Amino acid sequence: MARSGPGVSGLGYPPQNLARVVVWEWLNEHGRWRPYSAAVCHHIENVLKGDARGTVVLGQVDGQLTPYIIDLQSMHQFRQDTGTMRPVQRNFYEPSSAPGKGVVWEWENDNGSWTPYDMEICVTIQNAYEKQHPWLDLTSLGFGYLIDFNSMVQTNRQSQRKRRLRRRMDLAHPLIMGSIPKSQSWPVGASSGRPCSCQQCILVNSTRAASNAILASQRRKLHGGGAAGTGGNIGGMATGGTLTTVRQSNTFAGTSLWSPSAGINCNNISVGGGGDGGGGGRAKAEQSTLSRANFQCTPVMPGLTPAHGHHALTINGQNNLNRPGTQRISMGAARGTIPPGVPALPVKNLTGSGPIHPALAGMTGILMCAAGLPVCLTRAPKPILHPPPINKSDMKPVPGVNGTRRKTQKKHLRRGKNPEDVVRRYTEKIKVVPGEDCTICMERLVMSSGYEGVLHQKGIKPELVGKLGKCGHMYHLLCLVAMYNNGNKDGSLQCPTCKAIYGEKTGTQPPGKMEYHLIPHCLPGYLDTKTIRIVYDIPAGIQTPEHPNPGKKFSARGFPRHCYLPDNDKGRKVLKLLIMAWDRRLIFTIGTSSTTGEVDTVVWNEIHHKTEFGTNLTGHGYPDPNYLDNVLTELSAQGVAREDTLKD
């Protein structure tokens, strides 16, 4: 799986001459990117090819998405009946991944219908399925679920609730090649041809017609209510010898709303073009009338010179969903551009809603934008990832913890314990074999191991069955040997059923360093304590025989990584256990990134960290009253439970 960062106009593009599968996704209220169906993705790509700043009407391809449109320039999904706005993104995956093959993994919800997994999880499940793994733990992806491919069941690791899951085939997602140069000029997106007659397009066109009626009404009021001698025509209005044309609104296509031929220049309204005769006098009269409205002088787009408005009318707040520049302005600055006395309507967003009914807010927002009136589009706040700058003199050692730095221990790099000896150390032979299955090879315990003929181990016969000492679960001894050979070969065993660990489990974390100290700032939810900051730093390098691709380079993105704990008793306990996990090389591993899809890179290894300092917008910050208890449980699952065994 591979993802790319944002490109031109918020659209990502793969490297040149590289085939990628395109998946469009929208951000839900829980901060998860949810994929559109393959049919919808094909529809969006087709619209994108014709007009990179156009509008995608989702109801044309999926009846359940009738209220939704996507504005490609601002990269937002807009629900027309409620006014809700959600970001969308365009991601890329390998052609051999689940979306490239048309594979969809789904789980059964409480209503008995099927819900597709997030695409990154779907890709991970499909990879494990293709490798014929008997089960898959989703903890590393931030989900406490266990997937059992044999029974096709998803189990919540905390509540033990089970849900059915299924694998079905669907249309493959669109495949693209190459990239679009950054220097390419993007079209304005003027629509051409006959409009579609579907319900969605009728709604859009009716909205445009309503906006034109509002414009005409405002212009008539401006010129004295359309007195005698004022000629008019459809879509335009002639007054005193000066013709001012109000064109059909193309707001949804990203075009300008007005394009008058007369010249007006007032506080924040400028219309280019020379005036002669009666037209010039009328322009002065209009300027005098509009000046009394006390409009502010702040331009809509920073740095916009008068030359840009030579033949176009510019009004604060006119640019709506198709003008991301206005959305990127901070709320304070945006409100500063709104003329006094003109209503500013907050449109419902992920982080809040308007003071009136959301459906009315949404439709009113569309009409106000089309009419050139300012609309406050609320934006989600950005996460605060780091504290304010700190002097080195303000960084103090953590009380009760020796030192401030750890490096990967060389001794943990040594491997080579006999698999047969390890298995015999933690098991005892069973004379009377029960009539149940071995959950490793899925054969009956009374039968020979499924690895008979595949794995040859001297001293261990295929029919021998052993019971693990602490948990009592039983397996073929040959299956336990095969499981050990497929792991880290560090002298420890982990029960595949209950995850009980025998011996000291170590990981495959590459060499690096870990630093920890106190900083004089507090975390949200812990206002009376200082903060423990942990800094992990792992450089890129070459994979060793314990890694997925020995001899191949691995990358290390995002390092140094900063993590935070409250400086209280439980926070210091977690720190000591994290140091122990670091010494055992359990914090990181080398694999495939669940967020970028990059392979052969350093990734987190099932122990969650808080990387967001001042907010909790991503789910990786504070306040989170359950985090310390949850991470203690995760550490215990890795065999790291007693901080008093921490070595200096």
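**Exercises on charged residues and a helix**

K467 is partly exposed, its relative accessible area being 27%, where partly exposed covers the range between buried (under 20% relative accessible area) and exposed (over 50%), found with a 1.4 Å probe and protein chains only. The model is predicted, so local features need pLDDT of at least 70 and side-chain atom pairs count only at pLDDT 80 or more, while totals for chains, interfaces and linings use all residues. Residues are numbered from 1 along each chain as its sequence is written, and side-chain values use heavy atoms, with hydrogens and water left out.

**Exercise 1.** Find which side chain meets that of K467 in a salt bridge, and where the two residues lie.

*Solution.* Begin with the definition: a salt bridge is a side-chain nitrogen of Lys or Arg within 4 Å of a carboxyl oxygen of Asp or Glu. The side chain of K467 meets that of E428, at 3.8 Å from N to O. This pair links distant parts of the chain, for K467 belongs to strand β21 (residues 465-468) and E428 to strand β20 (residues 427-429), 39 residues apart; strands here are DSSP runs of E with at least two residues, helices are DSSP runs of H or I with at least four, and both are numbered from the N terminus. E428 is partly exposed as well, with a relative accessible area of 43%.

**Exercise 2.** For the salt bridge between R163 and D110, decide whether each residue is buried or exposed.

*Solution.* First take the distance, which is 3.0 Å from N to O. Next place the residues: R163 sits in strand β12 (residues 162-169), whereas D110 is in the loop between β7 (103-108) and β8 (114-116), 53 residues away in the chain. Finally compare the areas: R163 is buried, at 17% relative accessible area, but D110 is exposed, at 59%.

**Exercise 3.** Check whether the length of α1 agrees with the span expected of it, and state what its buried residues pack against.

*Solution.* The expected span of a helix is 1.5 Å times one less than its number of residues, so the 13 residues of α1 should span 18 Å, and this agrees with the 19 Å between its end C-alpha atoms. The buried residues of α1 include A38, V40, C41 and I44. The buried residues of this helix pack against β1 (20-27), β3, β4 (68-71), β6 (85-93) and β13 (175-176).

Notes: Contact = heavy atoms within 4.5 Å.
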